[in-house]
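Here is a set of questions of the kind a careful reader might ask about the labels attached to a structure. Each answer sets a value against the cut-off behind the label and then concludes.

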Protein chains: 2
Amino acid sequence: MTDQPDAPLTRIQQKNRDLILEGALTAFSTNGFRGATVDQIAEAAGLSKPNVLYYFASKDDIHKTLLTTLLDMWLAPMIRIDPQGDPLAEVLGYVRAKLELSRRFPRESRLFAYEILQGAPHLTEILGGSLRQIVDTAAAILGAWMDQGRLARVDPHHLIFSIWALTQHYADFDVQVRAVLGPGHDPFVEAEPFIESLYRKMLAV
Amino acid sequence: MTDQPDAPLTRIQQKNRDLILEGALTAFSTNGFRGATVDQIAEAAGLSKPNVLYYFASKDDIHKTLLTTLLDMWLAPMIRIDPQGDPLAEVLGYVRAKLELSRRFPRESRLFAYEILQGAPHLTEILGGSLRQIVDTAAAILGAWMDQGRLARVDPHHLIFSIWALTQHYADFDVQVRAVLGPGHDPFVEAEPFIESLYRKMLAV
DNA sequence: TCCTTTATTGACCAAATGGTCAGGAACACG
DNA sequence: CGTGTTCCTGACCATTTGGTCAATAAAGGA
């Protein structure tokens, strides 16, 4: 499409790339990378298959673009944990933000879930690199608060894992949760006070 | 292979079906249903592709067989919760059993994760049927203990979800957990005391 | 041993799928 | 306008893949 690698995008390029990524998010998060077809993506985006491949070099390229783009949104709440803030309020704020992400962006959550399940072929460097650094930083903050006796002593890393597990479960396993609860339930609405009280009890000094 | 629908399996049939299911478990849990190929399964089983399809009608058939076979193992610990037992001990026993399943059978855990992510096309009746009943029964036991003041009052269904989320996370997101922790860690060994203390605090009256 | 049943496979097929390409349509802009 | 660039598509291709089948080999039982 363009020979200039860093040429600014035209309006049409911007719009169509967005359409494609939006359609691909739905396709990949529903069927996984292998299960989604370029035709599906094209139809979801309202474009022809060759046109999709005019804007992206390959199916793989679309997937990689999605993943790296979304990773920032996914990690943002953890970066916002403030060492100067109130420990419990900061943790609960993070929990709430993460649950809100699961509620509002379940497709993104599932996309990551598929990727990790598959062994994270596109994310290995990131997982052990920047993600690990961000987590270590957050864990250090939590650890310091525990040292100061402002939070109950628990393993900070596993505390973070537990938050991920609990919040993402409601997005990734949505069908199971809904099937078990039956109709007339809003899993996310019920989950919030449950998870909040869980961490209040766990982290109370 | 056999016209008799309920004919007992010969020794060869038994062995080869087992080989196929074993190979398929690895293939499906690594790449998902769509990502796994019959050739892969055949190679993992040490059989030829036509021979695999001699023992199972289709790839789908293999998948469904695996899923339903494994569901029992997966649900067993919840059924063993004893209304006559000590409440906290019963819950912690269930948690430990579930974590042990994740540790020993991560492929099975991932197989289910893929299935649920996909919207549980093969399990919809089961999810809203027998699974729901089993969960409701367990939730009722937990609720009764809470009524008697022997466990802290929390939403029993979400308590169960939290156990699933926390324990399965270590199997399903294994690569992520290991990448973040770095080498020299055994996630499951560290997770057990963390999760146990979590539920001790949460459920203490 | 002989004969029926069960196992196994190479060769093959049709459909699906990621991707290409030449050429035409739409657009931007002097 | 006109012209160069960007955008778009129908037709096409090679590969992968689930599945079939006729034919052969191996068991098994009387």
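The questions and answers below concern a predicted model, and they move from the DNA to the salt bridges, a buried helix and the contact between two chains.

Q: What makes a residue count as one that surrounds DNA strand D, and which are the closest?

A: The test is a heavy atom of the residue within 4 Å of the strand. For DNA strand D there are 18 surrounding residues, and the closest are A:Thr10, A:Gln13, A:Arg34, A:Tyr55 and B:Lys59. By class, this surface has eight nonpolar, seven polar and three charged residues. On the DNA side, 59% of the strand's atoms within 4 Å of the protein belong to sugar or phosphate, and the rest belong to bases.

Q: How do you know that B:Lys49 makes a polar contact with a base nitrogen of DNA strand D?

A: The N or O atom in the side chain of B:Lys49 is 3.0 Å from a base nitrogen of DNA strand D, and because a polar contact requires a pair of N or O atoms within 3.5 Å, the pair qualifies. The elements that give two or more residues to the surface near this strand are α1 (11-35) and α3 (49-55) of chain A together with α3 (49-55) of chain B. Phosphate oxygens take part as well: one is 2.9 Å from a polar backbone atom of B:Val38, and one is 3.3 Å from an N or O atom in the side chain of A:Tyr54. Both of these distances also fall within 3.5 Å.

Q: Why is the pair A:Lys49 and A:Asp39 called a salt bridge?

A: The closest N and O atoms of A:Lys49 and A:Asp39 are 3.9 Å apart, and because the limit for a side-chain nitrogen of Lys or Arg and a carboxyl oxygen of Asp or Glu is 4 Å, the pair is counted. The bridge links distant parts of the chain, with A:Lys49 in helix α3 and A:Asp39 in helix α2 (residues 38-45) of chain A, ten residues apart. Over all chains, a search of the whole structure finds 18 salt bridges.

Q: Why are A:Lys49 and A:Asp39 called partly exposed?

A: Relative accessibility is 38% for A:Lys49 and 45% for A:Asp39. Because buried means under 20% and exposed means over 50%, values in between are called partly exposed.

Q: What makes the salt bridge between A:Glu196 and A:Arg96 a link between separate parts of chain A?

A: The side chains of A:Glu196 and A:Arg96 meet at 3.5 Å, N to O. A:Glu196 lies in helix α10 (residues 187-203) and A:Arg96 in helix α5 (residues 87-104), so the bridge ties together parts that are 100 residues apart in sequence. A:Arg96 itself is partly exposed, at 36%.

Q: How does the salt bridge of A:Glu100 and A:Arg103 sit in its helix, and what is the spacing of the two residues?

A: Their side chains meet at 2.9 Å, N to O. The two residues are three apart in helix α5 of chain A and are therefore separated by about one helical turn. A:Glu100 is partly exposed at 31%, as is A:Arg103 at 44%. Salt bridges that share partners also join A:Arg96, A:Glu192, A:Glu196 and A:Arg200 into one network.

Q: Why is helix α9 of chain A described as largely enclosed?

A: Six of the eight residues of helix α9 (residues 174-181) are buried, so the rest of the structure largely encloses it. The buried residues are A:Asp174, A:Gln176, A:Val177, A:Ala179, A:Val180 and A:Leu181. They pack against α6 (106-117), α8 (156-172) and α10 of chain A, together with α6 (106-117), α7 (124-147) and α8 (156-172) of chain B. The helix is followed by A:Gly182, whose phi is positive, near 80 degrees.

Q: What makes up the contact between chain B and chain A?

A: The contact takes 50 residues from chain B and 51 from chain A, and the two chains bury about 4,500 Å² between them, 69% of it on carbon and sulfur atoms. In chain B, B:Leu117, B:His158 and B:Val180 lose the most area to chain A, together 16% of what that side buries. Between the chains there are zero salt bridges but 13 residue pairs in polar contact. On the side of chain B that touches chain A, α8(B) gives the most, with twelve residues, and the residues of that side divide into 27 nonpolar, 14 polar and nine charged.

Notes:
Residues are numbered from 1 along each chain as its sequence is written. Chains are lettered from A and ligands numbered from 1 in the order in which they are written. This is a predicted model: local features need pLDDT of at least 70, side-chain atom pairs count only at pLDDT 80 or more; totals for chains, interfaces and linings use all residues. Side-chain values use heavy atoms; hydrogens and water are left out. A polar contact is a pair of N or O atoms within 3.5 Å; within protein, one must be able to donate a hydrogen and the other to accept it, and residues adjacent in sequence count only if both atoms are side-chain atoms. Helices (H or I, at least four residues) and strands (E, at least two) are DSSP runs, numbered from the N terminus. Ala, Val, Leu, Ile, Met, Phe, Trp, Tyr, Cys and Pro count as nonpolar, Asp, Glu, Lys and Arg as charged, and the others, Gly among them, as polar. Buried means under 20% relative accessible area, exposed over 50%, partly exposed in between (1.4 Å probe, protein chains only). Contact means heavy atoms within 4.5 Å. Buried area is the accessible area (1.4 Å probe) that two parts lose on being put together, summed over both.
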